Amino acid sequence: MVQTRRDFLKRTAALSAASYLGMLLPFQDVDNALAADETAWHRGSCRLCGVGCRLELGVKNGLPVALRGVPQSRTNMGYLCMKGMHFWKLMNHPERLTTPLYRAKKSDKFKKISWDEAMDIAADKFAGAVKEHGNDSVAYYGSGQALTEETYLFQKIFRGGLQTNNVEGNPRLCMASAVGGYMTSFGADEPIGGYADIEKADCFFIIGSNMAEAHPVIFRRVMRRKLDNPQVTVINADPRISLTSRIADIHLQFNPGTDLALLNSMAYVIIEEKLHNQQFINDYVAFKKGKGDTIDFEEYKKSLADYTPEKAATIMGGKVTADQIREVARKFASSKGTLSMWTMGLNQRKQGVWANNLVHNLHILTGQLLKEGADSLSLTGQPNACGGVREGGGLCHILPGHRPVEKEAMRNQVEEAWGVPKGRIPALPGLHTMAMFSAVNEGKIKAMWINCTSPVQSLPNCNKYNTGLAKDDTFIVCTDIFPTLTTELAANLVLPTAFHFEKTGVYGCTERRSQITRKAIDPPKGAKPEVEIVRDWANLLAKKLNDPVISQCIKPFAGLEPEYALPKAIWEEYSQKLTKGTDCDLTGATYEVLEGMYDGVQWPAPTAEYAKTGGTVKKFVRGMDPMAETHKTDDKPYQFYGAAHPDHKLWIWARPQANPEEIPDGDYPFYLSTGRIIDHWHTMSMTGRIPELLRANPYSYIEVNPKDATRLGIKPGDMVEITSRRGTNIMPAKVYEGPIEGMVFAYWHDQHPDRMINKVTMDAIDPGSKEPEFKICACKIKKVSGPQALKPYIV
Amino acid sequence: MVIAGFVVQCQPQSQQDTVVALEALGQVEVFGADEKGNIVTVVDAESSADLEKIVKKMEGIEQVLNVGLTYLNVEDEAKKIASGDLSPNPFPRKKHWEKLN
């Protein structure tokens, strides 16, 4: 019988799925046919969340024609989600930017210009700003979606070339509190363990995360673990019942911002019932309060006295019972391995660092750490927030390799690696994100480069900051693949860039794992990789500022072709010179090693031989982490070498319950929270241009608890006005037993001026991490009409 | 033609019912299942849009816990997009960006 192409593809699809289960199908011969197929497969990472799923893009005659998972990958074991399934459509999309666009004034229309003109304008404006207004009048605002090579090169030119630490990125809006939590609790950024703990855990504590929608492939692994092992307990703590809650054995629903009381109360129960691990505490733990004052166990215990389960249950709003708190504390402490996971529900808070500390406290108290199935694992939102921004020097206070800016010795190491004079990098951190955009408002930033992100939509209380971004006081360059609200409102110069798989580079995901994606297809004619753009711009800057040090910054990269040789040289400089000897040592993770891996390498990975094993699954454990040997201070099995804790201990913090910046009152009686939906990514500039994803959720809506809806006369689909002290939205109601009574919830992706929820959110920041409190503010709601026909909106 | 392979996950005890419900959707072919509730499924759809609708239906089956994509072939659609016969743009429009491009 003749096999049609359709039959062949169906059998291939079936074999692919069956291979994941070790299932044999009666037509294995398709493998031979597959080998003769003209499709070339290119391995890389998915771009649409922080999980780091590995996939292969099938390319035929220069077109992306197929996708398949990589079953050997330790991140996704081959599985992909529906959002990732559609990204190929962005590669030949008719709305891709393909020409530099320029306007002298932001009220003007853009006109097309050549790349030479564009580069000259960009260099002229930044050089002019530095000459007239000083080095700190320029700024870079990047992205957790940029490749590590891109973030690294941008920050090198800004710090080493333009002599400013005004280097920031959108991970400040999502991960900064996790960084603060890890640094203050464990002495070093990023998790001790990783996804490998999922298959070993007996208790999952999921707090402030809707992983079913935001990290669906990780959710799948948790669900598989639960299904295969019915004794496994899943605890979900969240003010909103989400798709994640459906696998929970226990769901704790509480008023937003009261979870610090929950976490302290769990610690109270653990100590009261003697479920803590005294030997672990004796060997490895110090107790702290305030800004780092040392206390002892008894004083810490005393700090928990106000958090009896009964008191905590009251603080939390009364829906959670004291017995439930006791039950989850016991399960947390006594399981064979407890794995906590969270995202923005803890991070995007005024008490974000404290919330992170309090989760870490529970793991340290109980010793639910450093062993199989136990970890305190912050899930990352973006594909390269960890790799590029946290490790690569993409925030105002950290240099590449987790080096604090304010330490002179650290600056000198970087200056030496770059071959620039000592003292070239300024001694003080630059402006953090919210301070940077406040400085734009004040006209203090004269030239700004925004790469691969849209702050006009993604900043909290965005009306306030968009006023400044729209002014002509700040010349703004945007590098992106599509028009965004930021290119439209704020940019003077728009430069079209290559997309994922159209260029080469490395992403580092949640679990300290760096993974390479090589160029597989050409970008649209006219679009360029960012590394080429930055190198060309820096060349011109050096001339206009007559500054040989800027030339020195790009000298190692002169003349290299931008598709592979240039990013490879940048990665080599970064990994070999700037991670060597640091806790994020990637010396062994060369391009050659990464290209040979199905997935990638978890740092520290100081040698190629070690990197080829996959790297370090558990930090700080002797026998599993090479740095635990080289940095050991005694014979104990765990060695905490993180630079932020000179005592080599884990720190348990006494942190009280503290209210959010804004809580409901008579004028604004509801809590507002925001989040993601499975079909969309961030500001929808990509997913909103894919018909299937747009149709699935064409516009945002406000989730209202049925009891509140009844009280306010709101029916499903009614148009509801949501107003805070900062702004107003109008969107349809979804009456849904999701948010707790007294709380409403909206997705933040919608670009429409009426439904852009960041007009309503709050820009109060955590004093430590400087991360804004997107997740909680006070608002009022009212029905303004019955259902109306709405149209989706993408700029 | 868009062809996709999935592992559909359900509670082991509801596997038979889930297989019946999947096959009842049409365009969905089940190639096997294991004792853990994993079902090897292939969807033969007219287009990406059609596939999306079918997947939403699969996800909507009460017993289905997860629909995990393992393989996707869109070669017909990719050719049509490249030749201009099909637009992946949900907004058929002429904006200033496009005029300038």
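Let's start where the two chains meet: strand β3 of chain A is joined to strand β4 of chain B, residues 64-73, by 3 bridges, and the two run antiparallel. If you'd like one pair to click on, Arg68(A) stands opposite Tyr71(B) in β4(B). Please keep in mind that this is a predicted model.

Stay on that chain B strand for a moment, since Asn66(B) is found there too, in β4(B). Is Asn66(B) buried or exposed? The cut-off for buried is 20 or more other C-beta atoms within 10 Å. Asn66(B) has 24 within that distance, so it counts as buried. And what does Asn66(B) touch, once we leave out residues up to four places away in sequence? It touches two residues across the interface, Arg220(A) and Met223(A), together with Gln9(B) from its own chain. There is also Val8(B), which is 58 residues away from Asn66(B) in sequence and yet 5.8 Å away in space, C-alpha to C-alpha.

Now zoom out to the whole interface. In total, 53 residues of chain A are in contact with 45 residues of chain B. Which elements of chain A give two or more residues to that side? They are α1 (5-20), β3 (63-69), α3 (82-85), α8 (216-228) and α28 (691-696). The largest share comes from α1(A), with 10 residues. As for chemistry, the chain A side divides into 32 nonpolar, 9 polar and 12 charged residues.

Next, let's move inside chain A, to helix α15, residues 352-366. I'll use it as our landmark, and we'll look at two helices that pack on it.

The first partner is α9(A), residues 259-272. The axes of α9(A) and α15(A) come within 9 Å and cross at roughly 15°. The two helices are therefore roughly parallel to each other, and their crossing is left-handed. On the α9(A) side, the contact includes Leu260(A), Leu263(A), Ala267(A) and Ile270(A); on the α15(A) side, it includes Trp354(A), Leu358(A), Leu362(A) and Leu365(A). Counting every residue in this contact, we get 11 nonpolar, 3 polar and 1 charged.

The second partner is α6(A), residues 176-186. Here the axes are 8 Å apart and the angle is about 45°. That makes α6(A) oblique to α15(A). The crossing this time is right-handed. From α6(A), residues including Gly180(A), Gly181(A) and Thr184(A) meet residues of α15(A), among them Asn356(A), Asn357(A) and His360(A). How do the residues of this contact divide? The answer is 3 nonpolar, 9 polar and no charged. So do put the two contacts of α15(A) side by side on your screen.

Our landmark helix also meets a sheet: α15(A) lies across β11 and β23 of chain A, at about 125° to β23(A). Those strands belong to an open sheet of 3 strands, ordered β12-β11-β23, with mixed pairing. The edge strands are β12 (293-295) and β23 (650-654), each pairing on one side only. From one strand to the next, the twist averages 45°. Strand β11(A), residues 285-289, runs parallel to β23(A), and 5 bridges join them. One pair to look for is Lys288(A), whose bridge partner in β23(A) is Trp653(A).

Chain A has another open sheet for us, with 7 strands in the order β5-β4-β19-β18-β17-β6-β7, again with mixed pairing. At its edges stand β5 (111-112) and β7, each with a single partner strand, so one side of each is left without a neighbour in the sheet. At the β5(A) end, 2 bridges join it to β4(A), residues 101-102, and the pair runs antiparallel. There, Tyr102(A) stands opposite Lys111(A). Helix α5(A), residues 148-161, lies across β6, β7 and β17, at about 170° to β6(A).

One last stop: helix α18(A), residues 433-441. Which of its residues are buried? They are Thr433(A), Met434(A), Met436(A), Phe437(A), Ala439(A) and Val440(A). These buried residues pack against three strands we have just met in the sheet, β6, β7 and β17 of chain A, and also against α19 (455-458) and α20 (462-469). Just after α18(A) comes Gly443(A), which takes a positive phi of about 75°.

That's my tour, and I'm happy to rotate the model for anyone who wants another look!

Methods
Residues are numbered from 1 along each chain as its sequence is written. Chains are lettered from A and ligands numbered from 1 in the order in which they are written. This is a predicted model: local features need pLDDT of at least 70, side-chain atom pairs count only at pLDDT 80 or more; totals for chains, interfaces and linings use all residues. Two residues are in contact if their C-beta atoms, placed from the backbone, lie within 7 Å. Helices (H or I, at least four residues) and strands (E, at least two) are DSSP runs, numbered from the N terminus. Ala, Val, Leu, Ile, Met, Phe, Trp, Tyr, Cys and Pro count as nonpolar, Asp, Glu, Lys and Arg as charged, and the others, Gly among them, as polar. Two strands pair if DSSP finds at least two bridges between them. Axes are lines fitted to C-alpha atoms, for helices over the stretch in contact, and angles run from 0 to 180 degrees between N-to-C directions. Angles under 35 degrees count as roughly parallel, over 145 as roughly antiparallel, 65 to 115 as roughly perpendicular and the rest as oblique. A crossing is left-handed if the near helix is turned anticlockwise from the far one by less than a right angle, and right-handed if clockwise. A residue is buried if 20 or more other C-beta atoms lie within 10 Å of its own, exposed if 12 or fewer, and partly exposed in between; C-beta atoms are placed from the backbone.
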